[in-house]
Amino acid sequence: MSSLLNVDSELKSKVETFRSQITGEAEHLVASFFPQKLLELDDFLKEPIFNVTDLKEIHSEIKCKVPEPIVFTNSLDGAHTNTNKRKLDGVADESWQGGTKTLVMPEGMMKCNTKLVDLIERVKPEIRTLIEKCNTVKMWVQLLIPRIEDGNNFGVSIQEETVTELRTVESEAASYLDQISRYYITRAKLVSKIVKYPHVEDYRRTISEIDEKEYISLKIIVSELRNQYVILHDMILKNIEKIKKPRNSNCEALY
């Protein structure tokens, strides 16, 4: 029995240490990290990469040549010869009716839009940082919520509202990562269409439109990240007393 109590006291000590670490880290995040980060993101938005006036500068060339047209003749022998030639070249007879069958790209691998990829690689760590820091602050506030009692719960409601806001920010930030993944998938499908139908110009123009849209979306994402740091910093500091001490012990003396 005594050994069991010793184990419980040891575990309790470790839990208290964990709580103290979370408290110290969360208070540092709210007081220093959040305002510092919002200023960094604001400077990021002022960089030339996010202030391109002509969006054609972020376009990426699609290196996929248009094949030579197939000339049909009225001669049955000529048609038969052309059909055999296509089969020998590795293109099935039905391929020229429904697209170009491509076994290998002469230009090598179809490259991504390197300008957008570099920008995405700078934005993604910022998204992950916001998610991780929000999770730490959320845990801190949740650990400060007192046990359930009747009455005098106004401070508790503020704590719960803060947790809800932090959880919303986490979800929105996670959706930004999904948005980036969808961009790559959508662009890859369009590039595949260009390879299959290289003579259709609309697919090539759609690639440029998709790239422009992603560029604008990335700028909006960084703006939202900055704004969320501002909102969380302001919200928590305005209610810091109620968050740290949701119930006033003096209220009990009034009843």
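Q: Is Lys238 buried or exposed?
A: You are looking at a predicted model, where local features need pLDDT of at least 70 and side-chain atom pairs count only at pLDDT 80 or more, while totals for chains, interfaces and linings use all residues. Numbering of residues starts from 1 along each chain as its sequence is written, and side-chain values use heavy atoms, leaving out hydrogens and water. Buried means under 20% relative accessible area, exposed means over 50%, and partly exposed is in between (1.4 Å probe, protein chains only). Lys238 has a relative accessible area of 64%, so Lys238 is exposed.

Q: Which residue meets Lys238 in a salt bridge?
A: A salt bridge needs a side-chain nitrogen of Lys or Arg within 4 Å of a carboxyl oxygen of Asp or Glu. The two partners both lie in helix H6, 4 residues apart, about one turn of the helix (a helix is a DSSP run of H or I with at least four residues, numbered from the N terminus). At 3.0 Å from N to O, the partner of Lys238 is Asp234.

Q: Which residues are joined into one network by salt bridges that share partners?
A: Start in helix H1, where Lys37 and Glu40 lie 3 residues apart. Their closest N and O atoms are 3.3 Å apart, forming a salt bridge. Shared partners extend this to a network of Lys37, Glu40 and Glu126.

Q: Is Lys37 buried or exposed?
A: Its partner Glu40 is partly exposed, with a relative accessible area of 34%. For Lys37 the value is 11%, so Lys37 counts as buried.

Q: How many disulfides are there?
A: A disulfide is a covalent bond between the sulfur atoms of two cysteines. Here a pair of cysteine sulfur atoms must lie within 2.5 Å to count. By this rule the number of disulfides is 0.

Q: Which element gives the largest share of the largest nonpolar core?
A: Such a core is a set of buried Ala, Val, Leu, Ile, Met, Phe, Trp, Tyr and Cys residues joined through side-chain atoms within 4.5 Å. This one has 48 residues, and those with the most contacts inside it include Val137 and Trp140. Helices H1, H4, H5 and H6 each give two or more residues. The largest share, 12 residues, comes from H5.

Q: Which residue's backbone oxygen does the side chain of Asn113 reach?
A: Asn113 sits in the loop between helix H3 and helix H4. With 2% relative accessibility, Asn113 counts as buried. At a distance of 2.7 Å, its side chain reaches the backbone oxygen of Ile58.

Note on methods:
A polar contact is a pair of N or O atoms within 3.5 Å; within protein, one must be able to donate a hydrogen and the other to accept it, and residues adjacent in sequence count only if both atoms are side-chain atoms.
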